[in-house]
Amino acid sequence: MRKSMFVAALVAAALPFAVRAQDAHPSVSASSPDGSIVLTVSTDSSDRPTYEISRKGKLLIAPSKLGFLLTDAIAMERGFSITGSEKASADSTWEQPWGESRFVRDHHNEILVHFRQSADWGGHLVDVRFRLFDDGVGFRYEIPRQPAMDTMNIADEITEFDLVPKGTAWWIPGGEWNRYEQVYQKTPIDCVSTAHTPVTMKTDDGTYLAFHEAALVDYSGYWLKHVDGGLFRTTLAPAAEGPRVTRKLPFDTPWRTIRIDDSAAGLVANNLELNLNEPNKLGDVSWVRPMKYIGIWWGMITGKWTWAEGPNHGATTARAKEYIDFAARHHIGGLLIEGWNKGWNGNWFGHGDFSFTKPAADFDLKAVAAYARKKGVALIGHHETGGNIANYESQMDAAFALDESLGIHSVKTGYVADAGGIIAPGDKPGEVRMEWHDGQRNVEHHLKVIEEAAKYHIAIDAHEPVKDTGLRRTYPNWIDREGARGMEYNAWGQFANGPSHEPTLVYTRMLSGPMDYTPGVFSLEGANGVALASTVGKQMGLYLAIYSPIQMVADFASKLEQFPAEVDFVSKIPTNWAESHLIAGEVGEYAIFARKDRDSEDWYVGGINDATARTLTLHFDFLKPGETYKTTIFKDGEGATYLTDARHRVATETRTFRKGDTYTLWLAPGGGAAMRLHPGK
Ligand code: NOJ
Ligand code: CA
């Protein structure tokens, strides 16, 4: 008896992984640094690779399969066994050039598991690298060089997530028209169909989860497809023709990520995707400048002005100078001018008429740029592609060179192309293909733009983009994106973005990264006087709830002139923070943040509400001990509600706070608030 135990122990020690003795399907396991998250990787009865995740002793993800379907070979799914594993761990802190917080801690344990498929099933090799953090898990496939395959032609990736607890999900449909510009649905978890990520969930036992991905490079974005009960599977955005992804070996897939936390605040503060991206590849990026900006834009969105040349052309030289004067007078850093160029022919989709170097006849680009420089206002360039990436790629170099020569350091790109998708060059000259916005070809295009732009010291704010997967860490000039239903919808219909929309974005879309939502429509009016589902207080609170390093003040300059106190306050709200904390909030209901300026000792507190009036007690525990903070507060006035003209009611207050103080804040239906806490009496 004693002898056989000794032999078993010896065998286990000789193998590179922990074996459950006599088990035909050995497993390896690893845990997060504090031990709360435990991962077990194994194979099932059909020799399919599986993983399972437990948290705090409870099964969260039941054994779930890993694998691929191929277009030209047997699926990389069955016939696998584990041939070894290696462990590592890391604890480091890195600094962001800009962001919601200056420092990010990366504390994880890692296990790399090697799988080999038997020869009769294809003989493929697959490694899976798991990183376990105390607040989430990321894993990716690493496909090594191997005799049986040179290029991998992926029909689909079939990574499963078999979620054990039931609960609620917030999601938008994947693989539908209009990309990510959808109203979020709130449903039971098992009523999700196919969703774009991030998908946010709250389980009935109070755990907050978000499924997403990190480092989406040279691959297709995945949609989370509901299979049955709690079972979900990845499906990749298709390609126009052939495999959904084609890659030469060796290569790594993007990371599949699951944030896991006990609170909404923890879900929001989580840096999982950033930590799974590569460090900054661009070096000194001091030319990437966070700032506030206004735009010759709301006039076009509301239909008063046009992008195209004509009697109502928005981007005239005279109007540009007027807006530059406004920005300089109100200390707003930048000005976006849309419709400045040739090619606005009345169509949006796919045409190749857009020029990115030739200005419209009534727009003197050089004179406007010189005027902006003189007034100390940064111009933001605009490249609407209509989704014709072939046209854009052929002009990109010349366009960025021109922008840099004019002192332009940020460009907003646009990919309005709902009619079918992105127009990419085909195999033969003149041939084109329609591609998904998140397919491999367009993922590749976006990164090409970022890399080209970096050469000219230009930051990119992509609209109708591919989703954010934390690549801003590697390419800090990827300063912003739209990639959700933005403010523009409010121009087109009464309450078009309902009161819950922004408090839902905070816990869903915003988990992926900054968003150019374009707040600051203080008139609360869209086209033909349609109203926003917002109070004035909410417009101010958006600056603290929706992080954007370049943050718009979107209304007409003439309207903004009617809100001098609000504009003055907003012009001071930083766009680059030392720290950020969600101090009160629930998914889809409300969100109040406390954020500390990166360049001063000032704190800002504020946020937004849904349709339900509520009174919150805010705790100012984050302040520096012994310091008194003089505080200016903008909040909803008595009786304010987004439903009536009372949406314009706003109240201001001045008081002092010290660490540990509390403040009772009433939020109107569709309301919000913003406050600045400045050290001193
Ligand atoms: C759609 C964008 O969302 C909007 O912001 C932009 O003005 C138009 N495209 C034109 O570029
Ligand atoms: Ca848009």
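Here is a short conversation about the predicted model above. Residues are numbered from 1 along each chain as its sequence is written, and side-chain values use heavy atoms, with hydrogens and water left out.

Biologist: What radius of gyration does the chain have, and why does that agree with a compact globule?

Modeller: Happy to explain! The radius is taken over C-alpha atoms, and the globule rule is 2.2 Å times the number of residues to the power 0.38. With 681 residues, that rule gives a value near 26 Å, so there is agreement with the chain's own 26 Å.

Biologist: Nice. What share of the residues count as buried?

Modeller: Buried means under 20% relative accessible area, using a 1.4 Å probe and protein chains only. Of the 681 residues, the share that meets this is 63%.

Biologist: And what share of the contacts between residues at least 6 apart in sequence join residues at least 24 apart?

Modeller: Contact here means heavy atoms within 4.5 Å. Among pairs at least 6 apart in sequence, the share joining residues at least 24 apart is 69%.

Biologist: Good to know! How is the chain divided, and how many residues does domain 3 bring to the contact with domain 2?

Modeller: The bounds come from an automatic or database domain assignment. They give domain 1 (2–275), domain 2 (284–483) and domain 3 (487–548 + 559–681). The centres of domain 2 and domain 3, over C-alpha atoms, are 28 Å apart. Domain 2 puts 25 residues into the contact, and domain 3 puts in 27 residues.

Biologist: Last one: how many strands are there?

Modeller: Strands are DSSP runs of E with at least two residues, while helices are runs of H or I with at least four. Alongside 12 helices, the chain has 38 strands.

Definitions and conventions
Chains lettered and ligands numbered in written order. Predicted model: local features only at pLDDT ≥ 70, side-chain atom pairs only at ≥ 80, totals over all residues. Buried < 20%, exposed > 50% of the residue type's maximum accessible area, 1.4 Å probe, protein only.
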